[in-house]
Amino acid sequence: MLNKTLCFLKFILTIFSSPRKKQLKQSRMKAGFLLLIGLYTAFSITVNAQITTVSGTVTAIDGSGLPGINIIEKGTTNTVITDRNGQYQITVSPDAALVFSSIDYNGEEIIVGSQTTIDLVMVKSHEEFVDIVGIGYGTLQREAVTGSIASIKGKEMRDVPSSDITQALQGRIAGVEMSQTNSKPGASMQVRIRGTRSFINTNDPLIVLNGIPFAGEINDIDPNAIRRIDILKDGSSTAIYGSRGANGVILISTNEEQKYAKAQVSYNSYFGTKQVIKYPMMNASEFIGLRKIANRYDNGLDESNSVDIDYQDLFYRPASVTNHDLKIAGGTENGSYYFGIGYYLDQSPVPTQQFTRYSIRAAMDQEVGKYFRFGLTSNNNYSLTEGDQIGLYGVISMTPISDPYNADGSLKRTIRMSLDEPFLITRDVIVEIGDSWVSEKKGYGTYNNIFGELKIPGIEGLKYRANIGLNLRTQNSGSFTGEGVNSTNPTTPSSASITNELTTNWVFENLLTYDRIFAEKHQVNLVGLYSAEETQYNKSSVSARDIPNPDFQYYNLGQALGEITVDPGQQEYELGGLLSWMGRISYSYDNRYMLMAAVRADGSSRLSEEQKWHTCPGASVGWNVGKEPFMQNVSFLDLLKLRVGYGKTSNQAAEFSTTSNCELDFSIFRSRLSGTVEYYITNSHDLLLSISLPSGSAVYQNTGKSQNKGIELSLSGTILDNYNGWTWDMGINLYSNKNKIVAIVSGADEDLSNWWFVGYPINVIYDYEYDGLWQEDEVNEMNLYESVGNAGMIKVKYHGEYNDDRTPVRRINSDDRVPIRVDPKFQGGLNTHVSYKGFDLSVVGAFKKGGILISTLHSASGYLNMESGRRNNVKIDYWTPENTDARYPFPGGVLSSDNPKYGNTLGYFDASYLKIHTITLGYSFDKLKWIKNRNISKLRVYFTAQNPLVLFSPFHAETGLDPQTNSYASENAAVTDTYQARLLTVGTNTPATRNYLIGLNVTF
């Protein structure tokens, strides 16, 4: 371009130097025009000299090119993205700054200057690379944490596809026990962090969503939205949440936005089918043999020994699970945004039973000038739970020799067995009944946090932040049972009920934070909080009988012809509030010596004036031994840190807990193996208990004491690190918690009505101890212990005194019942991930050793192991003179009511198991040329098997069933007052399934 311009100027001078006047006149006219062109060209050269073309390659630490990296000229809309090899080219002004950004990698800003080639190595995002941990009202680098805080990233949690976080977290974090209380779709698990503390108050942890205490139900939070979860386990960590921190705190973050990032769209989906795991009931030949030996019942009118019907096969339907999640995230120089929508459908094998959830979530974060920042997060969902009206007892208790068909092939309405005439329930019957038998729960929740943050001018590191949480949850439940439905009598009046619940909650928090590093070694973080919040809850319930038109269902109870009931016990109204202040200091010197101390005071409207305010302090210290000069020559050691903490927390029933905690963190061989060992003691006092009065009434007093102490071990390691393309990571956690009651009411040693015993855990069974079966050669000895008995009868342990001749002074009676511990000796989980080129394989499992699993299928309370032949019986190996090595008694022996004497002892199993929750095999197409050419940064397909394998479980070995509980003791059994309602059991709930999923992850 420059040479051409010089030639052009030389030509112009030649024209002006011509001696011919005529030609000169003409040439001047041409030259004037051409001169203008030349001047314009010269000007263009000058301008172009100020434009620079920059090119280069963006790579990861391992040298591989990074496609899809967004590169923007700062302050403009001029942008490009790297190609499949990480290469780029962009034209900018020489004083420009280039901003390199990606959601997965740390952003970089580089001044161009005179550079024409800029190559860049990008590292994983700050959170992944440095390991940022949520501590409540702020974050810290993992290395600086002094309290007991466990963390898991959302993408790791989603290795277990599930409806909510509790199922996904089972077995993943030491000290955090997830127990199944319900196996219906959409049900959440019971969460216990370091054991049970309170007798009658909730032991559930506090959940904090995006910094605001959560006012909804856990299944309102879509697992696809979660970025990370941090769990505060000890008193020094939870003290900042004061009167709600006694049971631990779960911090959930859903934000996924990032500055400077080009918009990325992600779609994640899976679909799966379910294989039902049937309850092990007797077939026709087994049942006929049992009824014959028991010799108590003859065949009913609809029973025949030539019939063999599996009523579970007639009942269950094909079921599936579906998940779709679409989200977009990105940002600019001064802000970021995130938006996502989700759909989840989980069907049960039980007809009509399913859970559906629609979710919408959004977040934005925007800087305004140098000092102000504001933003919001919003999580919204609508859910529909259906089919709770249908139970399984009537299905699995149907004798297999009962004929459900009329002569014309149609289904009978009831089945006449030997003594019972139950309503026939099959999937075809349910379809035929249709809308005349329904149960629905419709829930809507919206959880929102709006914040504004101001950096205080002139004081570096000081900022003020205001958080406003606005939350609402409503649930409308309705049920309708048409005339004669699920009843022996076809004219039984119809019935319906409705329940409406509304929860509103607002929170206003004022936070002042000061964060500075002095002299490159002194790191100081100060946080002050003043907050107020209020929660209002209202519930109303109405039921009615004899609905005049089945089309009304539960929508117009005022038209009922029968009784309309407004039960006062089903109407509730609560209004409660908190005023709080909190202060916390965190100090670190040279990343070697660390201190954190916090104190919070809560004033609760739920308490009397004398007890309204309670203060909760907590403190912890850390010593990074590995940073000391005397450790520098220990080449294999990467990290060795000691931590000690103490804290006091409470709840809003004025119950208090103090926790002492000591921990050791280590990492060796360039982080190939790392782990944490922790020991804690939690003493709880002033626990609320019911005190009986002489008048027969009762009052509540804060008199009880309990203790939890335990040890936790977490290990993670890299077995292969890109060895010939292979990478293999593995993790395991193991923990044991010992719970005991220290004191109850007025110095008493026991409370038999509630099964509480000093020196024993809060959760125990109070019953006889199974000791085998009496054999034929032991009948004389048996008669010393039992007034009535027979060979093959259940033998239980005698706890009375003996005569000098070693005969018992009395026969066995209720005094021989003893507390039986149900808690396991230890439990934990494991996970492993193997990858080779584009393939990846992950396995997630959980295990438990010891303890008691209560199966009401086998105990007397379930009425499915009566061994009498009245109804179908769970499949068992029972005693006969030819089969004396059996576990179950002789059919037709001595009874207690309708069951074998001491029949509840048959339901106690060793709770040990190793269960593989998921096995996932995936393949990523990211590095294929045709994928990169289409700017697709991630494309992965995978196959997952859920609940594929159970090992080392005596219960599973006998029954083939899932060794996890599925019910509270007060439900899903024929008799629901046998056990304390707080205990967990295996009952006649929705059966477990083995699921097979195929999924897709794509980002572009």
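Select F636 first: with a relative accessibility of 42%, this phenylalanine counts as partly exposed. The model you have open is a predicted one, and the tour starts from this ring and its partner before moving to the sheets and cores.

**The F636 pair and other aromatic rings**

A search of the whole structure returns 27 aromatic pairs. In one of them, the ring centres of F636 and F669 lie 5.9 Å apart with their planes at 40°, so the pair is described as tilted. Show the chain on either side of both residues, and the pair is seen to link distant parts of it: F636 sits in the loop between β29 (613–624) and β30 (637–650), while F669 sits in the loop between β31 (656–668) and β32 (673–692), 33 residues apart. F669, like its partner a residue to inspect with the surface switched on, has a relative accessibility of 49% and counts as partly exposed.

Next, select W755, F757, Y760, Y766, Y908 and Y979 together, since these residues form one aromatic cluster.

**The sheet around β5**

Move now to the open sheet of 4 strands, which runs in the order β3-β2-β5-β6 with antiparallel pairing. The strands at its edges are β3 (79–81) and β6 (108–111); each has a single partner strand, so one side of each is left without a neighbour in the sheet. Neighbouring strands here are turned by 20° against each other on average, with direction ignored.

Strand β5, residues 97–101, is a convenient one to follow. On one side, β5 pairs with β6 in the antiparallel sense over 4 bridges, and within that pairing V99 stands opposite E109, while A97 stands opposite I111. β5 also pairs with strand β2 (residues 70–73), again in the antiparallel sense and over 4 bridges, and there I71 of β2 stands opposite F100.

Which way do the side chains of β5 point? Colouring the residues by face shows A97, V99 and S101 pointing one way and L98 and F100 the other way, all of them buried. In a regular strand, side chains alternate between the two faces of the sheet. The strand as a whole is mostly covered, with 5 of its 5 residues buried.

Step on to S102, which is placed in the loop between β5 and β6. Its relative accessibility is 7%, and S102 therefore counts as buried. If you draw a distance from the C-alpha atom of S102 to that of M730, which is 628 residues away along the chain, the separation is 28 Å.

**T59 in β1**

Select T59, which lies in strand β1 (residues 52–59). T59 is buried, with a relative accessible area of 15%. Setting aside residues up to four places away in sequence, T59 touches S64, G65, L66, L120, V121 and M122.

**The nonpolar cores**

The largest nonpolar core holds 57 residues, and those with the most contacts inside it are Y279, Y311, F315, I425, W437, I812 and Y902. To see which elements build this core, highlight α7 (284–294), α8 (311–315), α9 (393–396), α10 (427–433), α11 (779–785) and β39 (794–796), which are the elements that give two or more residues to it.

Within that core, centre the view on W437 and display what surrounds it: neighbours within four places in sequence left aside, W437 is in contact with Q389, I390, I425, I430, F480, T481, V485 and N486. A second, separate core has 25 residues, among them A150, M178, M189 and I252.

**A mixed sheet further along**

Another open sheet of 4 strands has the order β46-β43-β50-β49, and its pairing is mixed. At its edges stand β46 (908–910) and β49 (967–968), each of which pairs on one side only. Zoom in on β49 and strand β50 (residues 984–986), which pair in the antiparallel sense over 2 bridges; there Y968 stands opposite L984.

**Last stop: the cysteines**

How many disulfides does the structure contain? With a pair defined by sulfur atoms within 2.5 Å, the count comes to 0. Two cysteines are worth selecting to close the tour: C616, at 1% relative accessibility, counts as buried, whereas C662, at 37%, counts as partly exposed.

Terms used. Residues numbered from 1 in each chain as written. Predicted model: local features only at pLDDT ≥ 70, side-chain atom pairs only at ≥ 80, totals over all residues. Heavy atoms only, no water. Pairing = 2+ DSSP bridges. Axes fitted to C-alpha atoms, helices over the stretch in contact; angles between N-to-C directions. Buried < 20%, exposed > 50% of the residue type's maximum accessible area, 1.4 Å probe, protein only. Core = buried A, V, L, I, M, F, W, Y, C linked by side-chain atoms within 4.5 Å. Contact = heavy atoms within 4.5 Å. Phe/Tyr/Trp six-rings, centres within 6.5 Å; stacked < 30°, edge-to-face > 60°.
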